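Visitor: Please choose a single part of this model, look at it closely, and then show how it relates to the rest of the chain.

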Amino acid sequence: MAEKALMLVGIDESEQSYYALEWALDHFFTPFSPNFPFNLFLLHAKPSPSSAIGLAGPGAAEILPYVDTDLKKIAARIIDKAKELCHAKGVHDVPAEVVEGDARITLCEAVEKHHASMLVVGSHGYGALKRAVLGSVSDYCAHHAHCSVMIVKKPKIKH
């Protein structure tokens, strides 16, 4: 029997990220069909301590271990929340990984490393200016990942 394709879901602390995961679970991992079409894998890109504080110079070396500890705690909470969401949707024993680095690069590298067939990411819905300044993870992955990329947008609420 052939191995199932791998769906890699990039997660961060944003509601858009959790929405993308929930959307993928609802559409590809329905409890009515326990023979899921994909194996699921979660990946969180943790920023490096130096990039998180954005400073260098005297005293920076003393702060970095504390920042790193906080970033590791945040990453663990993100993974735990994502796994709880999977569990609530009937998907159990989902492997997850935390990789330090820029999310754009680490997601594309993880696609290669794990031979993913699909990458799922959320969209923050930034405008052109913010995308140009901050860089869009989803846009970068759509152009550089060597697999299908599903960009899930959270619907805007109409008032």
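**From an exposed loop to the central strand**

Guide: Asp 93 is exposed, with a relative accessible area of 79%, and I begin with this residue as a contrast before turning to strand β1, the part I have chosen. Everything that follows describes a predicted model. Asp 93 lies in the loop between α3 (60-88) and β3, and its phi is positive, about 55°, although the residue is not a glycine. A second residue that fits this description is His 115, which also has a positive phi of about 55° without being a glycine. His 115 is placed in the loop between α4 (103-114) and β4, and it counts as exposed because its relative accessible area is 65%, where the cut-off for that word is over 50%.

Against these two loop positions, the strand I want to examine is β1. Five of the six residues of β1 are buried, so the strand is largely enclosed by the rest of the structure. To see what surrounds it, one has to place it in the sheet: five strands form an open sheet in the order β3-β2-β1-β4-β5, with parallel pairing. The edges of that sheet are taken by β3 (96-100) and β5 (148-153), each of which has a single partner strand, so that one side of each is left without a neighbour in the sheet. On average, and with direction ignored, neighbouring strands are turned by 25° against each other.

Within this order β1 has β2 on one side and β4 on the other. On the β2 side, strand β1 (residues 5-10) and strand β2 (residues 38-46) pair in the parallel sense over six bridges, and Met 7 has Leu 40 of β2 as its bridge partner. On the β4 side, the pairing is again parallel, over three bridges, and here Leu 8 stands opposite Leu 119 in β4. It may help to recall, when following these positions, that in a regular strand the side chains alternate between the two faces of the sheet.

Gly 10 also belongs to β1, and it is buried, with a relative accessible area of 10%. Leaving aside residues up to four places away in sequence, Gly 10 touches Ser 17, Leu 43, Leu 107, Leu 119 and Val 120. Of these, Ser 17 is listed among the buried residues of α1, together with Gln 16, Tyr 18, Ala 20, Leu 21, Ala 24 and Leu 25. An α-helix has 3.6 residues a turn, so residues three or four places apart point the same way. Helix α1 lies across β1, β2, β4 (118-123) and β5, and runs at about 135° to β4. The length of the helix agrees with expectation: at 1.5 Å a residue, the 14 residues of α1 (residues 15-28) should span 20 Å, and its end C-alpha atoms are 20 Å apart.

From Gly 10 one can also look towards a distant part of the sequence, since its C-alpha atom is separated by 9.7 Å from that of Ser 138, a residue 128 places away along the chain. Ser 138 is found in helix α6 (residues 137-144) and is buried, its relative accessible area being 10%. With residues up to four places away in sequence again set aside, Ser 138 touches Val 121, Gly 122 and Ile 151.

The cysteines deserve a brief remark as well. Cys 86 is buried, with a relative accessible area of 1%, and Cys 108 is buried too, at 10%. Cys 108 takes part in no disulfide, because the nearest cysteine sulfur, that of Cys 141, is 4.1 Å away, whereas a disulfide requires the sulfur atoms to be within 2.5 Å. By this rule the count comes to zero disulfides.

Set in the whole chain, β1 is one of the five strands that accompany six helices, and along the sequence these elements follow the pattern β-α-β-α-α-β-α-β-α-α-β. Of the contacts between residues at least 6 apart in sequence, 77% join residues at least 24 apart. The protein has 159 residues, of which 37% count as buried, and it exposes about 9,700 Å², with carbon and sulfur atoms supplying 56% of that area.

Methods: Residues numbered from 1 in each chain as written. Predicted model: local features only at pLDDT ≥ 70, side-chain atom pairs only at ≥ 80, totals over all residues. Heavy atoms only, no water. Buried < 20%, exposed > 50% of the residue type's maximum accessible area, 1.4 Å probe, protein only. Helix = DSSP H or I, 4+ residues; strand = E, 2+ residues; numbered from the N terminus. Expected span 1.5 Å × (residues − 1). Pairing = 2+ DSSP bridges. Axes fitted to C-alpha atoms, helices over the stretch in contact; angles between N-to-C directions. Contact = heavy atoms within 4.5 Å. Areas by Shrake-Rupley, 256 points an atom, 1.4 Å probe, with all protein chains shown as cover.
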